[in-house]
Amino acid sequence: MAPTTPPTSAPASPSRRIDLSAPPEPYLTFWQERRVCTLTTLRPDGTPHVVPVGVTYDPEAKVARVLARKTSRKVAHVLAAAGTEGPGARVAVCQFEGRRWATLEGLAEIRTDPAGIAEAERRYEERYGRRPSPNPDRVLIEISLTKALGKV
C-alpha cells in the first residue's frame, strides 16, 4: 500500500517587520481584538522582566499604552532605565494566538497626568470591554514606538 500524503495547506505568512507608518489591516485588527499581552522591561542587571498586561495601540500616534500601579516592578524598571538610557526605557509589548503574533517595541516613559491616564482608560475600555476599576496609584506607561514585527 502506497503512503498517503497529507493534504497541503496554504503556507503561513512569514514573520516580518511592519511599517509603522502604514501597518496592514490584519495587523491593526489583531491589535483591536481582546487579548492578554505581555510587557517586557529590563531589570537593572539587564535581564528581562515579562508580565501580562492589557495594551492599547494607537497607530496614528505610533504609541502603545499600558496602565500600571505606580509601585509596580515594571514601572520601577522603566523609571530606572529611562534615567540611564535617555529619552525612555527600551521595552516591548507582545500578543499572540496560535501562530499569529504581533510585537511593538519602543521607548517607554511614565506619565502621571490625569488627562493622559483618562485617555488610556478610555482606550482600554474600548479594547477590553470594561472600564478599569478606580485606582489612585495608577500611572501610564506610554511607549513611543520604534519598531513593529508580526505574523498575522
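## Close-up views of a predicted model

**Figure 1. Ring pairs join Tyr27, Trp31 and Tyr57 into a cluster.** The model shown here is predicted. Three aromatic pairs occur in the structure. In one of them, Trp31 and Tyr57 meet edge-to-face, with 5.9 Å from centre to centre and 65° between the planes. These two numbers are given because a pair of aromatic rings is described by the distance of the centres and the angle of the planes. Trp31 belongs to helix H1 (residues 25–32) and Tyr57 to strand E4 (residues 56–58), so the pair ties together parts that are 26 residues apart in sequence. Are the two partners buried or exposed? Trp31 counts as buried because its relative accessibility is 2%. Tyr57 is likewise buried, because its relative accessible area is 10%.

**Figure 2. The second largest pocket has a lining that includes Trp31 and Tyr57.** This pocket holds about 220 Å³ of space. Its lining consists of Leu28, Trp31, Gln32, Thr56, Tyr57, Asp58, Pro59, Glu60, Arg123, Glu126 and Arg127. At least two of the lining residues come from each of H1, E4 and H3. By residue type, the lining of the second largest pocket comprises four nonpolar, two polar and five charged residues.

**Figure 3. Lys62 has a positive phi although it is not a glycine.** The phi of Lys62 is about 55°. Most residues other than glycine have a negative phi. Where in the chain does Lys62 lie? Lys62 is placed in the loop between E4 and strand E5 (63–69). With a relative accessibility of 31%, Lys62 counts as partly exposed, because that class lies between the limit of 20% for buried and that of 50% for exposed.

**Figure 4. The largest pocket contains about 270 Å³ of space.** The lining of the largest pocket is made up of 13 residues, of which Leu67, Ala68, Arg69, Asn135 and Arg138 are the closest to its centre. Which strand gives the largest share of this lining? Strand E5 does, with three residues. Strand E3 (48–53) and E5 each contribute at least two residues to the lining of the largest pocket. Six of the residues in this lining are nonpolar, three are polar and four are charged.

**Figure 5. Glu121 is located in helix H3 (residues 114–128).** Although its side chain is of the charged type, Glu121 counts as buried, because its relative accessibility is 14%. Which residues does Glu121 touch, when those up to four places away in sequence are not counted? They are Leu67, Arg131, Pro132 and Arg138. Leu67 and Arg138 are also among the residues closest to the centre of the largest pocket.

**Figure 6. The whole protein, shown as context for the close-up views, contains three helices and eight strands.** Along the sequence, these elements follow the pattern β-α-β-β-β-β-α-β-β-α-β. The protein has 152 residues, and 39% of them count as buried. Among the contacts with a separation of 6 or more, 70% are between residues 24 or more positions apart. The exposed surface of the protein comes to about 8,900 Å², and carbon and sulfur atoms supply 55% of it.

Note on methods. Residues are numbered from 1 along each chain as its sequence is written. This is a predicted model: local features need pLDDT of at least 70, side-chain atom pairs count only at pLDDT 80 or more; totals for chains, interfaces and linings use all residues. Side-chain values use heavy atoms; hydrogens and water are left out. Helices (H or I, at least four residues) and strands (E, at least two) are DSSP runs, numbered from the N terminus. Buried means under 20% relative accessible area, exposed over 50%, partly exposed in between (1.4 Å probe, protein chains only). Contact means heavy atoms within 4.5 Å. Accessible areas come from the Shrake-Rupley method with a 1.4 Å probe; for residues, only the protein chains shown count as cover. Rings of Phe, Tyr and Trp (its six-membered ring) pair if their centres lie within 6.5 Å; planes under 30 degrees apart count as stacked, over 60 as edge-to-face and the rest as tilted. On a 1 Å grid over the protein atoms alone, a cavity is a set of points where a 1.4 Å probe fits but cannot get out, and a pocket is an open set with protein on both sides within 12 Å along at least five of seven lines; lining residues have an atom within 4 Å of a point. Grid points are joined across faces, edges and corners, and a volume is the space filled by probe spheres set on the points.
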